[in-house]
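Please find below a short set of review points on the structure shown here. They concern selected residues and their surroundings.

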Amino acid sequence: EVSLAHNGVLFLDELPEFDPRVLDSLRQPLESGEVIIARANHRVGYPARIQLVAAMNPCRCGHAADPAYACRRAPRCAADYQERISGPLLDRIDLRIEVGAVTAADLVLPAPAEGSREVAARVARARARQTARFAALGLEHLRTNADMPAAVVDEVVRPDRAGAALLVDAADKLRLSARAYHRVLKVARTLADLDGA
């Protein structure tokens with residue numbers, strides 16, 4: 001499945017419900033863009049440059065964040081459920097966003113000012129900016145900021161003094177790994193590209 005999603009999106013719903021060994025097998029393709037199948041005397045590689053999108057509830061019953069529901073196993077229920085996803089896999093996921101339940105009041109809100117067409121155009125401009133940046137550096141094989149190896153990140157992403165100080169402080173307080181540190185820089189560069197900055 002990870003190879004079938006090459007150059008596209010692999011969406012995994014209810015992420016902790018997958019076998020932990022299957023989830024950990026995603027670490028290599030997320031890192032290298034290739035999945036290796038090794039059996040006896042054979043070893044075959046398949047392309048697997050994907051964008052992983054996953055969804056999950058905060059706990060098995062899905063009510064951990066619901067103040068109207070009293071789970072008799074809270075907070076252990078949520079902790080057990082979320083621990084099914086290994087730290088090394090989480091370390092390879094660029095963004096993690098907690099989304100609250102949608103209420104009836106949310107459903108009647110006006111449409112956002114920026115629609116899908118406008119967002120798609122902004123993403124296309126950001127991607128073109130990234131492609132041009134890498135071509136200017138002689139790195140035509142890189143297409144997006146997510147593809148950058150650590151050595152290129154240091155050349156392409158240069159936060160100002162305040163931004164660098166904030167990142168170092170956050171890395172220290174949050175105990176970010178080297179991979180997570182570079183991931184923050186890649187995401188920051190992508191956000192700047194989306195803003196045309």
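**Review points on the predicted model**

1. Apart from neighbours within four places in sequence, Arg92 is in contact with Arg27, Leu30, Glu31, Arg179 and Arg183. The model is a predicted one, and these contacts should be read accordingly. Arg92 itself belongs to the loop between α4 and α5 (104–107).

2. Is Arg92 buried or exposed? Its relative accessible area is 19%, and Arg92 counts as buried because the cut-off is under 20%. A polar atom of the Arg92 side chain lies 3.5 Å from the backbone oxygen of Arg27, a residue that also appears among the contacts of Arg92.

3. Two of the contacts of Arg92, Arg179 and Arg183, have numbers that fall within helix α9, which covers residues 178–195. This helix has 18 residues and reaches 26 Å from its first C-alpha to its last, close to the 26 Å expected at 1.5 Å a residue. After α9 comes Gly196, with a positive phi near 70°.

4. Which residues of α9 are buried? They are Ala180, His182, Arg183, Leu185, Lys186, Val187, Arg189 and Asp193. The cover over these buried residues includes α4 (87–90), α6 (116–136), α7 (150–156) and α8 (161–174). As background, an α-helix has 3.6 residues a turn, so residues three or four places apart point the same way.

5. Asn145, in the loop between α6 and α7, deserves separate mention. Its relative accessibility is 1%, and Asn145 therefore counts as buried. Its side chain is joined to that of Asp193 by a polar contact of 3.0 Å; Asp193 is one of the buried residues of α9.

6. With neighbours within four places in sequence left aside, the contacts of Asn145 are Gln130, Arg133, Phe134, Lys186, Arg189, Thr190 and Asp193. Among them, Lys186, Arg189 and Asp193 are listed as buried residues of α9.

7. Gly138 is also located in the loop between α6 and α7. Gly138 is partly exposed, at a relative accessible area of 47%. Its C-alpha atom is separated by 22 Å from that of Val187, and the two residues are 49 residues apart along the chain. Val187 is among the buried residues of α9.

8. A final point concerns the surface. Val9, Phe11 and Val53 form a nonpolar patch there, with about 260 Å² of accessible area together. Of these residues, Val9 is found in strand β1 (residues 8–12).

Methods:
Residues numbered from 1 in each chain as written. Predicted model: local features only at pLDDT ≥ 70, side-chain atom pairs only at ≥ 80, totals over all residues. Heavy atoms only, no water. Helix = DSSP H or I, 4+ residues; strand = E, 2+ residues; numbered from the N terminus. Expected span 1.5 Å × (residues − 1). Buried < 20%, exposed > 50% of the residue type's maximum accessible area, 1.4 Å probe, protein only. Contact = heavy atoms within 4.5 Å. Patch = residues over 30% accessible without salt bridge, like charges linked within 9 Å, V, L, I, M, F, W, Y side chains within 5 Å. Areas by Shrake-Rupley, 256 points an atom, 1.4 Å probe, with all protein chains shown as cover. Salt bridge = Lys/Arg side-chain N within 4 Å of Asp/Glu carboxyl O. Polar contact = N/O pair within 3.5 Å; in protein donor to acceptor, adjacent residues only side chain to side chain.
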